[in-house]
Amino acid sequence: MTKYMGKKVPTSKLSRISKFGGLVVQVAGNVAFEGVKQFSQGKAPTFSKLLLTPRNIDNLADKLAQLRGAAMKVGQLLSMDAGDLLPKELSILLSKLRADAHPMPRKQLLRVLTDNWGQDWFEQFSHIELKPFASASIGQVHLAYGDRGEKLAVKVQYPGVRQSIDADVDNVATLLKLSGLLPQQIELDSLLSEAKKQLKVEADYQQEAAFSRRYSLLLDGDPHFIIPEVLLDHSTENILLMTYVDGKTIDQAVNQSQQQRDNIVTQLIRLFFAELFEFKLMQTDPNFANYLYQAEQEKIVLLDFGATRDIPPAISQGYLALIHSASLGDRPAMQAAAENIGFFGQDIDQDYLQQVLSTFIIATEPLQYQGEYDFASTDLAYRIKQAGMAINNRQDQWHTPPVDAIFIHRKLAGLYLLAAKLNAKVNVSALFKPYQEQINVGD
């Protein structure tokens, strides 16, 4: 077993609060020092510039990464949902939280394994690497070999993460609000409330195992996708034991042929439609790290089902009607579908209504195009974000959409970003056509 160095995860609420308190004191000290220094040089710096100096950015990123869990996840959510809107310095901080977290030290890791599998846990393996090959916000993943030599992946949750979700999210929110750097149009409280709920689902590895099993059954026989098998007998709330599947992260496929890149995005958008309209079950985290690609076999490996959600039938049907009408530019039908989903009421201001409908039309632009839509030569993601911000600026009319809608939109936005990253060309309208044919246009 290979030794490695890591940083201990604070497990008790007191120790985690202490970390936040120490962070605040450290940052305040740096602000005061830098302020005195710049005033002595005849400068008049703003508080935001004093707060986000390179030293403070490094301190904040290091401490939040050491806490893992909710602290990192909030940063990831904000950087994904509002990246272009944030001050450059805050974007730098949050981008650091998208990178790998610090792994647990050996002693803490062994304690988690023993607490979950008993004193003789190592007898089920012929070898296990104690240095993880992946570390993220909720847990870390280790390579292991079973007693018959089979290659396995062991996903271990950081201790204390599940129990500290509410407190961690609240503490991070306090830090962000005190900074005064978040744009007013970002509804932080509603975002963080949903972050708490989603994190509690993701932190239950037995629930993730159940989601993974459902996907395996739904995609059984599909030649384009591979899902690691979860070994349920050895999985707990805190540990997932799975078969190990090789592959490179999906964004590295940018070096593959145009045909391969087009096919990757085609299959993932096809899967998105199947999730929304057939399975009524969706893995909603669009992080590129959740997909691997096997270039020789031309197969996509689907990883991490923690952020999976059941899609209510009414939401599924509502989106079928909404996307269909948006692809045709039929605004009255779009309004009816959006109302059924719950985006707004009948008393909505007409100017605001047209802004919302225009945003839906922009988002469905790839479906309106007859033929292969070239994601490389479009600023679609930017136009969607700009339209969304115009909507959010009308807070007198703002209406919180259904939670499922928020996650569905994040998944689609992530696929659009991947499509642009891979310079893909995809006939999206052809992928949607089988579902479009289900609609009785005469209704």
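Two strands count as paired when DSSP finds at least two bridges between them. Keep that in mind as you click around this predicted model.

**Stop 1: a bridge between strands.** Select Lys248 and look across to strand 9, where its bridge partner is Tyr293. Now widen the selection to all of strand 7 and to residues 291-294, which make up strand 9: the two strands run antiparallel and are joined by 2 bridges.

**Stop 2: the whole sheet.** Add the other strands, and you get an open sheet of 4 strands with mixed pairing, in the order 5-10-9-7. Which strands stand at the edges? Those are strand 5 (225-226) and strand 7 (248-249); each has a single partner strand, so one side of each has no neighbour in the sheet.

**Stop 3: a helix over the sheet.** Next, select residues 258-279. This is helix 10, and it lies across strands 5, 9 and 10. Against strand 10 (299-302), helix 10 runs at about 45°.

**Stop 4: two crossing helices.** Move on to helix 12 (residues 331-341) and helix 13 (residues 350-363), whose axes are 10 Å apart and meet at an angle of about 95°. That makes the pair roughly perpendicular. Show side chains for Arg331, Met334, Gln335 and Ala338 in helix 12; their contacts in helix 13 include Leu353, Leu357 and Phe360. Sorted by class, this contact has 6 nonpolar, 3 polar and 1 charged residues.

**Stop 5: the shakier parts.** Colour by pLDDT. The protein's mean is 78, with 68% of residues at 70 or more. Select residues 9-14, where pLDDT is below 50, then residues 80-85, also below 50. Where pLDDT is low, don't read the predicted coordinates in detail.

Terms used:
Residues are numbered from 1 along each chain as its sequence is written. This is a predicted model: local features need pLDDT of at least 70, side-chain atom pairs count only at pLDDT 80 or more; totals for chains, interfaces and linings use all residues. Side-chain values use heavy atoms; hydrogens and water are left out. Axes are lines fitted to C-alpha atoms, for helices over the stretch in contact, and angles run from 0 to 180 degrees between N-to-C directions. Angles under 35 degrees count as roughly parallel, over 145 as roughly antiparallel, 65 to 115 as roughly perpendicular and the rest as oblique. Contact means heavy atoms within 4.5 Å. Ala, Val, Leu, Ile, Met, Phe, Trp, Tyr, Cys and Pro count as nonpolar, Asp, Glu, Lys and Arg as charged, and the others, Gly among them, as polar. pLDDT is the predictor's confidence in each residue, from 0 to 100.
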